[in-house]
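Work through the exercises below with the sequence and the coordinates open side by side. Each task is followed by a solution that proceeds step by step.

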Amino acid sequence: MFCKVFFIYFIFSTFKQINYLCSKKVFASAVFGVEASTVTVEVNVDKGVGYHLVGLPDNAIKESNYRIAAALQNNGYRIPGKKITINMAPADLRKEGSAYDLTLAIGILAASNQIQAEDLEDYLIMGELSLDGSLQPIKGALPIAVKAREESFKGFILPSQNAKEAAIVDGLKVYGVDNIMQVIHHFDKGESLEETVINTREEFYKNLDFPEFDFADVKGQESIKRCMEIAAAGGHNIILIGPPGSGKTMLAKRLPSILPPMTLHEALETTKIHSVVGRVKAHAGLMAQRPFRSPHHTISNVALVGGGSYPQPGEISLSHNGVLFLDELPEFKREVLEVMRQPLEDREVTISRAKFTVTYPSSFMLVASMNPSPGGYFNDPDAPVTSSPAEMQRYLSKISGPLLDRIDIHIEVTPVPFEKLSDDRKGESSVDIRKRVTLARELQTQRFSNLENVHYNAQMNTKQIREYCKLDDASLQLLKSAMERLNLSARAYDRILKVARTIADLEGSESVIGNHISEAIQYRSLDREGWLG
């Protein structure tokens, strides 16, 4: 009799233990560069006491048990008083950030049998928990969604603030949730979550509205507007030189408004980079406007090109497919400017660490502005502040020759006279200028269709310049005499030809002629004697 009772008790105890102690897998993702890697979160509940989190988590993940405990407690659940072991595989891949809170919480509830979650492994789950169980947005939702589709997950559950961003990816069901209870009820009670559906193309073209800045608001400065149009048409880097208040910053801010509209591919690429650093606006989907970044001159070289212990994109990558504006160029540290030389040439930046290498795209238009002297005025007898020639030379020499080599257009900006400022007539709008720029870009796309890394005139190398910028004898003689008379440096030769090619494209001309050369020569101010030695 005793043996029978003991056997029944043993079976019952073992059944209870098996029913309570088990292991579950939940899936999340880690972002490196602009790509994501799937992370398998294995939660095991066993006899004993303790909470063990392994798999190279950072401090934000290690602290997650406090957030999870409070969130579950405030919603009628709890972390069981058992030994909980959580492994984040692959165990040699560094995980960082608070986006794993929801993953861990659901894994603990499922492993401790507080909820039933039969199809848990069909979903990728991420989100940061608040103490009341509500969810905070995460970074990198778009690259994570791309990876989830590649790995054939049934759905992606994430905070509702990121749902539109992730829903850009076709072929993946995206569920935006506001709190942990929605996820619990979905798995435990079969309550369906609301799927976020976006027509990517419709959303993209709907948001191709115009930026707030328009060239129609700029009074006067017709020659500078023409110069900006040429820069936009050929993708040329440009530097504006002029005294304070002449309108350099105003003109630079309007440059994105005349660049050709982004293609769907460019928009996806740009959104991906901004998603990694959490810069996509809440409840926003695809970025339709070209980015415009204007870092302060105190910026460090890591902040500009990207980096850190666990690399993040810098300003040059955040301005990919858009404009990077460096106001007061000589005020930037020289070493900061020098690190831009390679990305300007290669259109990408590679950051190497001991265990991994990350590459970020950085194809941007550089727009720089500067005063002609430390005081801000040049050869102006009525100027409130004057600078000696030695001071001016020292100021200008902060910009290295190799960096200037990568800037095709230099233009002097003069103050606008009162008559122009007080004129009520509107200038030409950005819409009209953009049409001409887009037509010129289309010509270049056809011309370089057989070349892999060249898409517009500014990207031509010396061999391609010789092929596509052939001059007749008269034009060649004009260029020769101008270079001798104006003491233009050797670096100016190729730049003049590239800019002349763009001017010809804006006019729809197949060949580069004298008029195009003479206009391009005007845009090499800093190569003339008396500016930079």
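The exercises concern confidence, helix packing, one sheet and two backbone features of a predicted model.

**Exercise 1. Establish what the mean pLDDT of the protein chain is, and how residues 1-20 should be read.**

Solution. Begin with the chain as a whole: its mean pLDDT is 86, and 89% of its residues reach 70 or more. Then turn to residues 1-20, where the pLDDT is below 50 and where the model shows nine contacts beyond near neighbours in sequence. Where pLDDT is low, the predicted coordinates should not be read in detail.

**Exercise 2. Describe how α19 packs against α22, starting from the axes and ending with the residues of the contact.**

Solution. First take the geometry: the axes of α19 (residues 430-447) and α22 (residues 491-506) come within 8 Å and cross at roughly 115 degrees. Angles of 65 to 115 degrees count as roughly perpendicular, and α19 and α22 are therefore roughly perpendicular to each other. The crossing of α19 with α22 is right-handed. Next list the residues: α19 contributes Arg 436, Val 437, Ala 440, Leu 443, Gln 444 and Arg 447, which meet Arg 501, Asp 505 and Leu 506 of α22. Sorted by class, the residues of this contact are four nonpolar, one polar and four charged.

**Exercise 3. Repeat the analysis for α9 and α19.**

Solution. The axes of α9 and α19 lie 8 Å apart, and the two helices pack at an angle of about 35 degrees, in a right-handed crossing. On the α9 side the contact is made by Glu 229, Ala 232, Ala 233 and Gly 234, and on the α19 side by Ile 433, Arg 436, Val 437, Ala 440, Arg 441 and Gln 444. By class, the contact of α9 with α19 comprises five nonpolar, two polar and three charged residues.

**Exercise 4. Give the strand order of the open sheet of five strands, and explain why one side of β11 and of β18 is left without a neighbour in the sheet.**

Solution. Reading across the sheet, the order is β11-β14-β17-β10-β18, with parallel pairing. β11 (292-293) and β18 (409-412) stand at the edges and have a single partner strand each, so one side of each has no neighbour in the sheet. For β11 that pairing is with β14 (residues 323-326), in the parallel sense and over two bridges; Arg 293 has Leu 324 of β14 as its bridge partner. Finally, α9 (residues 222-234) packs on the sheet, where α9 touches β10 (238-241), β17 (365-370) and β18, and the direction of α9 makes about 170 degrees with that of β18.

**Exercise 5. Characterise the crossing of α3 and α4.**

Solution. The axes of α3 (residues 64-73) and α4 (residues 101-111) come within 10 Å and cross at roughly 60 degrees, and the two helices are therefore oblique to each other. Their crossing is right-handed. Ser 64, Arg 67, Ile 68 and Leu 72 of α3 make the contact with Asp 101, Leu 104, Ala 105, Ile 108 and Leu 109 of α4, which amounts to six nonpolar, one polar and two charged residues.

**Exercise 6. Locate the cis peptide bond at Pro 90 and the positive phi of Ser 152.**

Solution. Most residues other than glycine have a negative phi, and most peptide bonds are trans. The cis bond joins Ala 89 and Pro 90, with omega about 0 degrees, and Pro 90 is found in the loop between β4 (83-89) and α4. Ser 152, although not a glycine, has a positive phi of about 60 degrees; Ser 152 lies in the loop between α5 (141-150) and β8 (155-159).

Definitions and conventions
Residues are numbered from 1 along each chain as its sequence is written. This is a predicted model: local features need pLDDT of at least 70, side-chain atom pairs count only at pLDDT 80 or more; totals for chains, interfaces and linings use all residues. Side-chain values use heavy atoms; hydrogens and water are left out. Axes are lines fitted to C-alpha atoms, for helices over the stretch in contact, and angles run from 0 to 180 degrees between N-to-C directions. Helices (H or I, at least four residues) and strands (E, at least two) are DSSP runs, numbered from the N terminus. Angles under 35 degrees count as roughly parallel, over 145 as roughly antiparallel, 65 to 115 as roughly perpendicular and the rest as oblique. A crossing is left-handed if the near helix is turned anticlockwise from the far one by less than a right angle, and right-handed if clockwise. Contact means heavy atoms within 4.5 Å. Ala, Val, Leu, Ile, Met, Phe, Trp, Tyr, Cys and Pro count as nonpolar, Asp, Glu, Lys and Arg as charged, and the others, Gly among them, as polar. Two strands pair if DSSP finds at least two bridges between them. pLDDT is the predictor's confidence in each residue, from 0 to 100.
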